[in-house]
Amino acid sequence: MSKATAEGTRRYAQRMSSAVAKGHFHERNGLLVSSIGLGTYLGQWDEHTDRNYQEAIKRATELGCNVLDSAINYRFQRSERAIGAALRETFEAGQLSRDEIIVATKAGFFPFDGEPPRDPRAWVTENVIDKGLARPEEIVGGSHCMTPAYLEDQLTRSLGNLGLETIDIYYVHNPETQLEAVPRDEFLRRVRAAFEFLERAAKDGRIGHYGTATWNGYRQEAGSRGYLSLAEMDSIAREVGGDEHHFRVVQLPYNLAMPEALTNANQRVRGEDLSFMMAADRLGVTVMCSASMMQARLSQNLPPFVGQALKGLSTDAQRAIQFVRSTPGVTTALVGMSRRSHVDENLAAAGVPPAPVEEFFSMFSNGEA
């Protein structure tokens, strides 16, 4: 199969059943999805880091991780290519099947190619404007674009980088960036045009589902300039794709130091003010959480109450991951892992069930988190 499937992900989960605890896999959009995913954001743009990522990816899939997350601009397309190379090796060796793995990537920021260009402005002119992918006024901050023509170009490149026929989850990357330069009505027009393209890409089989991967947008207070309404995104998807639309997944940062998605009631759904997690649940949207360890800053020196509440783990890195994967409404805690040793430590958390709801919320009820 050319994409993740219900049968394939079920097969994978069954094969991993002796290595991971109950509750590690969640059923979402017809797929069984691991509660820990491997992210590929950080690292130098060199062959050494490429090789490390490839080994980390292979090791992660051996330990029960079937979610691989990237973006075309991560390490100037090298992260996508590292995923592609690792998957090709495992497929050819018969260690893994394509239908068992959920691959996600993003488009929006200019990716360059392998390394930064000497003249970024000239690169944008030559590779975006001169090719008719966007007009200058559709580019924000010299780095962000989400026109249908640009997304078409980026999707084609990502499929080539990954060596895949279908990308299971395709995100518009930080769409709130556009709000730095355009009025909200123009922004929503651009979102609609992007979603129309993504619905077509889903129908022709190049992507499975799509969504928005954000940083600040869903965490800001309603009414602020860069605020994103999940209900508004869902409404646009329904307008362009009907009830069977493919806007089914979102990504945002969430961790011990950034709990807003759980604690702030900044999303309004059907007349009710809800936290982002509750809003996503009401709208049937899967939540993937980035920055689970806040780029390793939460991997050590956590306060004692975290270990007291989240039991059965041996390191603070595992506790930080456990906090995210135990949060009601979270499907996957994404963790940047570019080394095999990081994978071994972090995926050990998969051997412990997510914390029960009462245990998880004890941190909040005690006023500690």
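The lining of the second largest cavity comprises, by class, four nonpolar, two polar and two charged residues; here Ala, Val, Leu, Ile, Met, Phe, Trp, Tyr, Cys and Pro count as nonpolar, Asp, Glu, Lys and Arg as charged, and the others, Gly among them, as polar. The residues concerned are P111, W123, N127, V128, Y150, D153, Q154 and R157. This cavity has a volume of about 50 Å³. A cavity is defined on a 1 Å grid over the protein atoms alone, as a set of points where a 1.4 Å probe fits but cannot get out, and lining residues have an atom within 4 Å of a point. Grid points are joined across faces, edges and corners, and a volume is the space filled by probe spheres set on the points. Helix α5 (148–162) contributes the largest share of this lining, four residues, and α4 (120–129) also supplies at least two. Helices (H or I, at least four residues) and strands (E, at least two) are DSSP runs, numbered from the N terminus.

The model is predicted: local features need pLDDT of at least 70 and side-chain atom pairs count only at pLDDT 80 or more, while totals for chains, interfaces and linings use all residues. Residues are numbered from 1 along each chain as its sequence is written, and side-chain values use heavy atoms, with hydrogens and water left out. The average pLDDT (the predictor's confidence in each residue, from 0 to 100) is 96 for the chain, and 98% of the residues score at least 70. Among the elements, strand β4 (residues 67–69) has the highest mean, 99, and helix α13 (residues 357–365) the lowest, 78.

Two cavities of 30 Å³ or more are found in the whole structure. The largest holds about 90 Å³, and its lining includes H209, V249, T286 and M288. Strands β2 (31–34), β6 (167–173) and β11 each give two or more residues to that lining.

Strand β8 (residues 247–253) is largely enclosed by the rest of the structure, because seven of its seven residues are buried, that is, under 20% relative accessible area with a 1.4 Å probe and protein chains only. Strand β7 (residues 207–213) pairs with β8 in the parallel sense over four bridges; pairing requires that DSSP find at least two bridges between two strands. Within this pair, T212 stands opposite V250. Between β7 and β8 the chain passes through helix α7 (residues 230–241) in a right-handed β-α-β crossover; right-handed signifies that, with the strands pointing away from the viewer, the path from the first strand over the helix to the second runs clockwise. Strand β8 also runs parallel to β11 (residues 286–290), to which five bridges join it, and Q251 has M288 as its bridge partner.

The pockets remain to be described. A pocket is an open set of grid points with protein on both sides within 12 Å along at least five of seven lines. The second largest contains about 190 Å³ of space, and β7 gives the most to its lining, with three residues. Among its lining residues are I207, G208 and H209.

The largest pocket contains about 920 Å³ of space. Of its 38 lining residues, Y41, L42, Q295, V335 and G336 are the closest to its centre. Two or more residues each come from α2 (47–62), β12 (332–336) and α12 (340–347), with α2 giving the most, four. By class, this lining has 15 nonpolar, 19 polar and four charged residues.

Methods
Buried means under 20% relative accessible area, exposed over 50%, partly exposed in between (1.4 Å probe, protein chains only).
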